[in-house]
Amino acid sequence: MSEVLVLVDHVDGAVRKPTLELLAIAKRLGEPSAVFIGDAGKTAEVAEKLKAYGAEKIYAVEDSQIKGYLVAPKAEALQQLVAKTSPAAVLIVSSYEGKEIAGRLAIKLESGLITDAVDVQAGDDKGPVTTQSVFAGNFTVTAKVTKGTPIITVKPNAATPEESAGAGTVEEFTAEISDAAKTAQIVASQPRKATGRPELTEAAIVVSGGRGTGGNFEPIEGLADALGAAVGASRAAVDSGWMPHSFQVGQTGKTVSPQLYVANGISGAIQHRAGMQTSKTIVAVNKDDEAPIFELVDFGVVGDLHTVLPAATEEINKRKG
């Protein structure tokens with residue numbers, strides 16, 4: 001059975017949930033093998049986590065020549081691992097960084113690339129078949145790579161992590177990083193302030209607010225905290241200065257695909273729909289019963305969010321208690 005390489009998405013050795021989702025997808029395609037690029041001192045901790053979710057092998061790439069630079073060194077390391085292992089596919093989380101790594105890797109390998117997949121299945125002997133939502137969410141297409149090693153970036157929440165022990169064999173791999181890959185260096189960085197809520201693009205539940213909030217996001221945040229959800233915002237809310245751009249969901253913001261998306265006071269313009277249309281279940285609260293968002297939803301509530309959301313939050317907290 002051919003290996004399927006999964007690039008580990010982590011923060012200082014803490015493996016993020018989308019990586020575990022990729023391991024579940026990798027099991028459909030072949031033998032899951034993880035690629036951990038990071039501090040050698042974190043390898044054992046990372047390997048235990050990945051092993052618990054089915055990783056048969058973990059390639060540990062020490063990052064002394066990689067950290068401090070942009071993504072080019074990671075693409076080179078992956079290129080060398082692909083040459084060594086001849087995998088059936090390479091799976092990468094569909095983040096900004098992940099898509100840039102994937103694009104560089106595809107050029108280096110002269111392979112086909114598929115980005116923002118929302119599902120990946122084994123297909124036939126010609127390679128995996130992906131599902132994508134394209135043209136602002138108006139079409140769903142299936143596609144496959146027809147040249148080289150399939151390189152696929154997958155959106156968070158495209159699969160459910162599956163706990164199943166793998167062999168978890170750790171193999172150290174030394175990558176030769178060229179000087180050309182080190183021409184863009186990070187000279188300073190500042191971590192984002194923690195909100196205590198899930199990361200927007202990874203959250204299983206997202207509660208968003210738009211123009212209908214009038215700038216008061218307290219009902220949005222209250223419901224989000226009751227549900228353990230991330231908070232999002234429409235472009236109108238961001239342009240009005242009510243929320244930072246990092247909260248924006250939409251074509252010019254972040255694309256999310258949670259299990260549950262709750263849109264509050266959002267009209268449902270195509271720009272916003274493009275960023276959340278692949279959500280598994282969509283609920284909308286809006287005073288305007290003709291708002292375009294109601295064409296898309298699974299459940300709709302016609303009402304004032306400032307009345308509806310506090311009542312829903314109170315009931316949720318009561319049941320939790």
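**Stop 1: E21 and helix α1**

Select residues 17–29 and you have helix α1, with E21 inside it. Keep in mind as you click around that this is a predicted model. Is E21 buried or exposed? Turn on the surface and look for E21: it is buried, because its relative accessible area is 3%, and the cut-off for buried is under 20%. Now find out what E21 touches beyond its neighbours within four places in sequence. Select K155, P156, N157, A158, A159 and P161, since E21 is in contact with each of these residues.

**Stop 2: helix α2**

Next, select residues 43–52, which form helix α2. Colour T43, V46, A47 and L50, the buried residues of this helix. Then look straight down the axis of α2: these buried residues fall within an arc of 100 degrees, so they line one face of the helix. Which exposed residues sit on the face turned away from the buried side of α2? Spin the helix around and you'll meet A44 and E48 there.

What lies over the buried residues of α2? Show β3 (14–15), β4 (31–38), β5 (57–62) and β11 (169–173), which are among the elements covering them. Your old friend α1 from the previous stop is part of that cover too. Before you leave, click on G54, which follows α2 and has a positive phi, near 100 degrees.

**Stop 3: helix α5**

Jump to residues 218–227 for helix α5, and highlight its buried residues: P219, I220, L223, A224 and A226. Try the view down the axis again. These residues cover an arc of only 160 degrees, which puts them on the same side of α5.

To see what covers that buried set, add β12 (205–209), β13 (230–233), β14 (260–264) and α8 (305–320), all of which are included in the cover. Just after α5 comes G228, so select that as well: G228 takes a positive phi of about 70 degrees.

**Stop 4: zoom out**

Now show the whole protein chain as a cartoon. How many helices and strands are there? The chain has eight helices and 16 strands. Its radius of gyration is 21 Å, close to the 20 Å that the globule rule gives for 321 residues, so the chain is as compact as a globular protein of that length. Along the principal axes, the C-alpha atoms fill a box of roughly 60 × 40 × 40 Å.

Colour by burial, and buried residues turn out to make up 50% of the 321 residues. Finally, pick out the charged side chains: 31 are positive and 39 are negative, and the centres of the two sets lie 1 Å apart.

Conventions
Residues are numbered from 1 along each chain as its sequence is written. This is a predicted model: local features need pLDDT of at least 70, side-chain atom pairs count only at pLDDT 80 or more; totals for chains, interfaces and linings use all residues. Side-chain values use heavy atoms; hydrogens and water are left out. Helices (H or I, at least four residues) and strands (E, at least two) are DSSP runs, numbered from the N terminus. Buried means under 20% relative accessible area, exposed over 50%, partly exposed in between (1.4 Å probe, protein chains only). Contact means heavy atoms within 4.5 Å. The arc is that of the directions from the helix axis to the C-beta atoms. The radius of gyration is taken over C-alpha atoms; the globule rule is 2.2 Å times the number of residues to the power 0.38. Lys and Arg count as positive and Asp and Glu as negative; His and the chain ends are not counted. The place of a charge is taken as NZ of Lys, CZ of Arg, CG of Asp or CD of Glu.
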